[in-house]
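Hi everyone, thanks for coming. Let me put the structure up, and then I'll walk you through a few places in it.

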Amino acid sequence: MRSPSPQELRQGQGRSPAPGRHAGSAQCGSESGPPGPEAPRRAESDMRAVGGGGFFPRGRTRSADTVRLRKRKSALYSAAPGAGGERGPDLIGENIYLVLFTITLRVLNCFLVQTSFVPDEYWQSLEVAHHMVFNYGYLTWEWAEGLRGYSYPLLFATIYRVLQLLAKDDVQLLIWIPRLVQALLSALADVKLYSLVRHLENAETAKWVYLCQLCSWFTWYCCTRTLTNTMETVLTIFALFYYPMEGSKTKSSCKYLTLVTLAFIIRPTAVIPWIPLVLRHFWQEQKKADLVLYSYIPIGLVTLGISLIIDRIFFGEWILVQLKFLKFNVLRNLGTFYGSHPWHWYLTQGLPVILGTHLPFFIHGCIQAPKRYRIFLVVVVWTVLVYSTLSHKEFRFIYPVLPFCMVFCGYSLKQLKTWKKSAITFLLLSNLLPALYTGLIHQRGSLDVMMHMQQLCNNSSNQSWASVFVMMPCHSTPFYSHVHCPLPMRFLQCPPDLTGNESYIDEADIFYSNPLKWLNEEFYNGTLPTHLVFFSVLEQEISSFLALNGYEKTATVFHTHMPQGRIGSHIYVYTRRVK
């Protein structure tokens, strides 16, 4: 073998391939620093992995793909993430089959969740959107006080408006299309989480993180619901994809800060998980003044300005809902009106429950993961501790930290050797059961009973005489978004007292203190509703009122196997006999 001539060496120096880099700075745009020492190995691993063209990469291959890489020395760089390469057709920067599979799974997820979780999934989104478009419905006290913004309901109001213009505003479409849209957004977030880890590590690690994300029972339970917490989680994943992590090939201060600000507009507490991340970014940024002047200030002003304009249109006055929300829920801590929990609740119940059987893998992953992922652990700990200082606690409040936890769970699975198949089987089966039970059985009565209310709207003659009184804990069911006709309906009110009156008792509490007395006084000379809806635990106590006024049981709807307090196992519909 002859040695290259000096001329050939000089020509070769001009053709040396170099890894591509994104130019960028503290201003908006893609950013990338020099590749770390792991970058060549990760890139080579990814190229070996994606040669198969399937959902996931294969760890090792000695096929003809390897020969092609040897024949074309630049193939390693031309097949970099985002460039297509040997991976087959792409969609949003990932294998199209992976994307379509994820979307299909989340659509199935949507249809397999037929239960209610919390009132906000209807009363702070669909009910508001219905009122915005069809000009009738009910807005809760938060909207009268300006504690909620219209930015998130506007998404569903746009869908409703399109259906109205197409004369397709059927009640079933009003119920399911918003949930399908939320399912699509959650599916894209799942793919972005996979892409993030593939860029930071390799396709092998990303595969296990993706698996953990998909088989999480709590993600399955929440990700297709029209909750602000769900959209907050989706935007958090998208923002994390563009966050300037060490080794990331998708850095963009402009994009990640915009997404964080959008999450803040939708739910102001969304900023809590991002405080450590934004501070870390600011600390590591060399051009701090540029970051503030060209990223923080412009993005904050533009997105907040858009939010102000949207709320000005629908409230009819200038109002900063994010400030009011924080004052009410954080500074004044008035959320305790809806219940309080001990400070350790998130540590002893909240986080363990939403993690479920992922918990041991999360702990193992925290120990095994590289040091650069410590910031993710800081985010989880910080968020849990901050929310622990608030008296009112709910599982959904810490839902946005679940994707951070899945990174550690996936890294744990990757590190397992002998028990990997058993661990995967355990995770799948142990999450499948609670996912199906909570999605199909537990607390389904709140939605099923609305089908009986819809029947009252199918006949126009019914609307002229029918009326409904829901005698359940306030906001137990959806309202006009699940009926879609101006049927007279009423429910027990439970707004908190904002005047400081220590003796204040809301209507629902007064009713439940003596239901029979309340009903006799309320309807002494008033018009009785034609339909009463209430939990089974109330039936015996008001039986005399029902018999005296000619009510008969016309429907029994299953609700839960775990009744407690004011919530019964079934929901009854009583109809008054027409004389």
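I'll start with one residue: leaving aside residues up to four places away in sequence, Asn 431 touches Cys 215, Ser 216, Trp 217, Thr 357 and His 358, where contact means heavy atoms within 4.5 Å. Asn 431 sits in helix 22, residues 420-440. For the numbering of elements, helices are DSSP runs of H or I with at least four residues, strands are runs of E with at least two, and both are numbered from the N terminus. Is Asn 431 buried or exposed? It counts as buried, because its relative accessibility is 2%; buried means under 20% relative accessible area, exposed over 50%, and partly exposed in between, with a 1.4 Å probe and protein chains only.

A quick word on the ground rules. This is a predicted model, so local features need pLDDT of at least 70 and side-chain atom pairs count only at pLDDT 80 or more, while totals for chains, interfaces and linings use all residues. Residues are numbered from 1 along each chain as its sequence is written, and side-chain values use heavy atoms, with hydrogens and water left out.

Now the overall picture. The protein chain has 27 helices and 9 strands. It has 579 residues, of which 50% count as buried. Among contacts with a separation of 6 or more, 73% are between residues 24 or more positions apart. The accessible surface comes to about 27,000 Å², and carbon and sulfur atoms hold 61% of that; the areas come from the Shrake-Rupley method with a 1.4 Å probe, and for residues only the protein chains shown count as cover.

Next, helix 5, residues 96-111. Its axis and that of helix 10, residues 171-200, come within 8 Å and cross at roughly 140°. Axes here are lines fitted to C-alpha atoms, for helices over the stretch in contact, and angles run from 0 to 180 degrees between N-to-C directions. That crossing makes helix 5 oblique to helix 10: under 35 degrees counts as roughly parallel, over 145 as roughly antiparallel, 65 to 115 as roughly perpendicular, and the rest as oblique. On the helix 5 side, the contact residues include Leu 98, Thr 102 and Arg 106, and those in helix 10 include Trp 176, Ala 183 and Tyr 194. The residues of this contact divide into 13 nonpolar, 1 polar and 3 charged. In that count Ala, Val, Leu, Ile, Met, Phe, Trp, Tyr, Cys and Pro are nonpolar, Asp, Glu, Lys and Arg are charged, and the others, Gly among them, are polar.

Helix 5 also packs on helix 11, residues 203-214, at about 15° with the axes 12 Å apart. So helix 5 is roughly parallel to helix 11. Here Leu 98, Phe 101, Thr 102, Leu 105 and Arg 106 meet Tyr 210, Gln 213 and Leu 214 of helix 11.

One more pair: helix 15, residues 274-284, packs on helix 20, residues 374-388, at about 140°, with axes 8 Å apart. Ile 275, Pro 276, Leu 277 and Arg 280 of helix 15 meet Ile 375, Val 378, Val 379 and Trp 382 of helix 20. That contact has 7 nonpolar residues, no polar and 1 charged.

Last stop: Phe 134, in helix 7, residues 126-134. Phe 134 counts as buried because its relative accessibility is 11%. What does Phe 134 touch, not counting residues up to four places away in sequence? Tyr 160, Gln 164, Asp 169, Leu 174 and His 484. Its C-alpha atom is also separated by 9.6 Å from that of Cys 485, 351 residues apart along the chain.
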